[in-house]
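This report sets out the architecture of one protein model. It begins with a sheet and the helix beside it, and ends with the chain as a whole.

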Amino acid sequence: MNQATDLPLSGLRVVEFTHMVMGPSMGLILADLGAEVIKIEPLEGDNTRRLTGSGAGYFPMYNRNKASLALDVKSEAGRDAAQRLLQKADIVLENFRPGAMDALGLGYQAISATNPGVIYCSGKGFLSGPYAHRTALDEVAQMMGGLAYMTGLPDKPMRAGASVIDVMGGMFGVIGIMAALEQRHRTGQGQLVTTALYETTAFLVGQHMAQFAVTGKPAPPMTQRQSAWAVYDIFDTKDQSKVFVAVVTDTQWRGFCTAFGLDELGADPTLQKNNDRVRQKDRYMSTLRERLGTFERDALMEKLESIGLPFAPVAKPEDLINDPHLNAGGLVDVTLPSGERASLPALPIEMGHQRLGVRRDLPGIGEGGAQVLLAAGFSKEQIQAMQEAGVLRIEAP
């Protein structure tokens, strides 16, 4: 499904004013699904192009399948060009601080006045309420939303090891956009959609809020919780690897004991029910660790797979590059600025038994911008004049 006309969002035009992760992730999803996504970025390019450390992967991961239009929207000519593009946009994305787009004359009220069918999605820190004016980041939302507490130790909250709130907030934004598109089919009208980091975090910890409501007891951090299952742990293997193993039903327990020669435990009448096993974990966990520790990692996983138990090697992100399952269609290749190729995760869905791929590689600053403007009705002379005036940058990768 790499041809644009084969894709479900083919024919939709998206204009994206975003940075970092939340906004670009919305554009990525829409682009992979076939929409024409035009990324508006400053003349010097999106700041994430230059980030190092933990931010070095932001641009490569979230900006494939997009055209780049490097435009100075703070200038009158650049702003006029952006407004002209927005008059023909189906969807607009932005995730800047509250009021920033309005100050440029590019907010929802200004654009919808002349393009009433536009679906305008804003990614913010907070939805309407006392905090709506605040600036937020993924980590801010994780800390105040309870996720960092649930991830860390009781006295040491810890953010999740990926930008889960940015990405999940972007996903909720796309859900809202899809709903607004369906409503537009019936009414002809667009609308403003807002997604936010804090409320996304609250939704994710909602199960723990519900747990408190049901039990009257606060949910402890995941590092301190008592598992509901008798075997739900990480085991060391003979070759110094680690494998997570779960035994979550009574039938699985009997099969597990038989497969690993734990006949005495399997026959013990006091261990036949999961809740009984949970209460008596101290009796048998050392035996399980000793027995599973006689296997090397691959042999242990092969045995667990043969009896149908949930298991997982404890992997690092870079290990996924060579994962055989992901290499059967779950990774796509993009070209980094260095010229090297990188294999990165595809959108994690199949449609018609097919995966969504790369139609357009990562754009250089301004790559594809000239074609975007020509398609919007700008003449070559107008484009040249904008370049000469220093409000437009057109470059190849």
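## The three-stranded sheet

In this predicted model, three strands form an open sheet in the order S7-S8-S9, and their pairing is antiparallel. Strand S7 (231-236) and strand S9 (311-313) are the edge strands, each pairing on one side only. On average, neighbouring strands of this sheet are turned by 15° against each other, direction ignored.

Strand S8 (residues 242-247) runs antiparallel to S9 and is joined to S9 by three bridges. Within this part of the sheet, Val245 stands opposite Phe311 of S9. Helix H14 (residues 281-292) packs on the sheet, where the helix touches S7 and S8. The direction of H14 makes about 45° with that of S7.

## The seven-stranded sheet

A second open sheet contains seven strands in the order S6-S5-S4-S1-S2-S3-S12, and its pairing is mixed. Its edge strands are strand S6 (191-196) and strand S12 (392-393), and each of these pairs on one side only.

Strand S1 (residues 13-17) pairs with strand S2 (residues 36-41) in the parallel sense, over four bridges. Arg13 stands opposite Glu36 in S2. Helix H9 packs on this sheet and touches strand S5 (119-124) as well as S6. The direction of H9 makes about 60° with that of S6.

## Thr201 in helix H9

Helix H9 spans residues 197-204 and includes Thr201. Is Thr201 buried or exposed? Its relative accessible area is 0%, and because buried means under 20%, Thr201 counts as buried.

Leaving aside residues up to four places away in sequence, Thr201 touches Ala141, Gln142, Gly145, Leu147 and Ile165.

## The chain as a whole

The protein contains 17 helices and twelve strands. Along the principal axes, its C-alpha atoms fill a box of roughly 85 × 45 × 40 Å. Of the 397 residues, 42% are buried. Among contacts with a separation of 6 or more, 69% are between residues 24 or more positions apart.

The exposed area of the protein is about 20,400 Å², of which carbon and sulfur atoms supply 54%. The protein carries 38 positive and 44 negative side chains. The centres of these two sets lie 3 Å apart.

How values were computed. Residues are numbered from 1 along each chain as its sequence is written. This is a predicted model: local features need pLDDT of at least 70, side-chain atom pairs count only at pLDDT 80 or more; totals for chains, interfaces and linings use all residues. Side-chain values use heavy atoms; hydrogens and water are left out. Helices (H or I, at least four residues) and strands (E, at least two) are DSSP runs, numbered from the N terminus. Buried means under 20% relative accessible area, exposed over 50%, partly exposed in between (1.4 Å probe, protein chains only). Contact means heavy atoms within 4.5 Å. Accessible areas come from the Shrake-Rupley method with a 1.4 Å probe; for residues, only the protein chains shown count as cover. Lys and Arg count as positive and Asp and Glu as negative; His and the chain ends are not counted. The place of a charge is taken as NZ of Lys, CZ of Arg, CG of Asp or CD of Glu. Two strands pair if DSSP finds at least two bridges between them. Axes are lines fitted to C-alpha atoms, for helices over the stretch in contact, and angles run from 0 to 180 degrees between N-to-C directions.
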